[in-house]
Amino acid sequence: MSTSPETTIAGALTPHHDRCFVCGPCSPAQVELDLRCPGEEGIVGDVVLDARHQGVPGIAHGGAIAAVVDEIAGSVLTRLGVRFVTASLTTTYHAPVMTGERLTCSAWIESTVGRKRTVVVELAGAAGRVVTGRALCVDVPEEHFTRLGLGSEVTDLFGR
Ligand SMILES: CCCCCCCCCCCC(=O)SCCNC(=O)CCNC(=O)[C@H](O)C(C)(C)COP(=O)(O)OP(=O)(O)OC[C@H]1O[C@@H](n2cnc3c(N)ncnc32)[C@H](O)[C@@H]1OP(=O)(O)O
């Protein structure tokens, strides 16, 4: 039985894989993420977007923030061993995220209906909430990936 790479350290989440655009150490845009699992479900942590992620100079790009939201929402599910893809992602920007600003994050499953799970991600800076994201994630069978020619290098990543 393979072990999810995310669940090997007590409470701490590690990168999904080396080349993940958001969390992978080989990514030139790797985002500083320190995610932890406080309990059975949901995650908390710290996030810092830096100059590589800016849109307006000094302000994090909304697309980079959305990628981080997708990443964190996905982490909630992969640590539970759920095999899924994101079907829809909404990101509400309440206030600018400055590059270099340390954010706290919390994420949890809001609802589960059949194959659909909605995961909420909240990001907050020192002055309060800056982003709320909602990811609609749909459970998929292994064949979702194998029919695309992808094998255990993908399917094993979701844990068991
Ligand atoms: C550890 C490894 C690394 C993991 C890394 C983890 C961190 C990063 C996370 C990244 C995650 C991604 O970016 S994943 C990559 C980006 N996303 C994708 O590639 C997904 C592309 N889309 C698809 O493959 C497909 O459309 C699916 C699988 C989402 C749905 O197709 P399907 O399997 O045929 O299912 P279908 O019957 O259409 O839909 C199932 C139910 O979901 C609903 N539904 C489907 N799409 C939507 C939608 N956009 N908005 C609302 N609802 C929707 C349907 O109405 C239905 O509801 P009902 O009738 O049952 O009520």
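What follows is a friendly conversation about a predicted model of one chain.

Colleague: I am new to this one. What makes up the secondary structure of the chain?

Modeller: The chain comes to three helices and six strands. Read along the sequence, the pattern is β-β-α-β-β-β-β-α-α.

Colleague: How do you know whether the radius of gyration of the chain agrees with a compact globule or not?

Modeller: We set the value against a rule for globules. For 160 residues the rule gives a radius of gyration near 15 Å, and the chain has 15 Å, so the two agree. Along its principal axes, the C-alpha trace spans about 45 × 35 × 30 Å.

Colleague: How much of the chain is buried?

Modeller: Buried residues account for 26% of the 160. To be called buried, a residue needs 20 or more other C-beta atoms within 10 Å of its own.

Colleague: And what share of the contacts joins residues at least 24 apart in sequence?

Modeller: Among contacts between residues at least 6 apart in sequence, that share is 58%.

Colleague: Let us turn to α1. What makes you describe α1 as largely enclosed?

Modeller: Of its 17 residues, 13 are buried, so α1 is largely enclosed by the rest of the structure.

Colleague: How do you know what span to expect for α1?

Modeller: The expected span is 1.5 Å times one less than the number of residues. For the 17 residues of α1 the expected value is 24 Å, and the helix reaches 24 Å from its first C-alpha to its last, so the two are close.

Colleague: Which elements supply the shell around the ligand?

Modeller: α1 (62–78), β3 (84–93) and β6 (128–139) each supply at least two residues. α1 gives the most, with five residues.

Colleague: How many residues surround the ligand, and which are the closest?

Modeller: There are 18 in the shell, and G74, V85, A87, S88 and L157 are the closest. By class, the shell holds seven nonpolar, seven polar and four charged residues.

Colleague: What does the UniProt record say about this region?

Modeller: The unreviewed UniProt entry lists residues 58–122 as "domain: Thioesterase". Over residues 58–122 the model has 26% helix and 45% strand, with the end C-alpha atoms 21 Å apart.

Colleague: Now some single residues. Why is V113 called exposed?

Modeller: The cut-off for exposed is 12 or fewer C-beta neighbours within 10 Å. V113 has 8 inside that distance, so V113 counts as exposed. V113 lies in strand β4, residues 102–113. Its C-alpha is 9.7 Å from that of V138, which is 25 residues away in sequence.

Colleague: And E32, with 12 other C-beta atoms within 10 Å: exposed or buried?

Modeller: E32 is exposed, because 12 still meets the limit of 12 or fewer. E32 belongs to strand β1. Setting aside residues up to four places away in sequence, E32 touches V47 and V48. The C-alpha atoms of E32 and C137 are 24 Å apart, and these residues are 105 apart in sequence.

Colleague: Why is D34 called partly exposed?

Modeller: D34 has 14 other C-beta atoms within 10 Å, which falls between the limits of 12 and 20, so D34 is partly exposed. D34 also sits in strand β1. Leaving aside neighbours within four places in sequence, D34 is in contact with G45 and D46.

Colleague: What makes R36 partly exposed?

Modeller: R36 has 13 C-beta neighbours inside 10 Å, again between the two limits, so R36 counts as partly exposed. R36 is in strand β1, residues 32–36.

Colleague: Where does T14 lie relative to D34 and R36?

Modeller: The C-alpha atoms of T14 and D34 are separated by 8.4 Å, with their positions 20 residues apart along the chain. For R36 and T14 the C-alpha distance is 9.2 Å, and they are 22 residues apart in sequence.

Technical notes: Residues are numbered from 1 along each chain as its sequence is written. This is a predicted model: local features need pLDDT of at least 70, side-chain atom pairs count only at pLDDT 80 or more; totals for chains, interfaces and linings use all residues. UniProt positions are given in the numbering used here, feature names are shortened, and annotations may be inferred rather than shown by experiment. Helices (H or I, at least four residues) and strands (E, at least two) are DSSP runs, numbered from the N terminus. A residue is near a molecule or strand if its C-beta atom, placed from the backbone, lies within 6 Å of it. Ala, Val, Leu, Ile, Met, Phe, Trp, Tyr, Cys and Pro count as nonpolar, Asp, Glu, Lys and Arg as charged, and the others, Gly among them, as polar. The radius of gyration is taken over C-alpha atoms; the globule rule is 2.2 Å times the number of residues to the power 0.38. Two residues are in contact if their C-beta atoms, placed from the backbone, lie within 7 Å.
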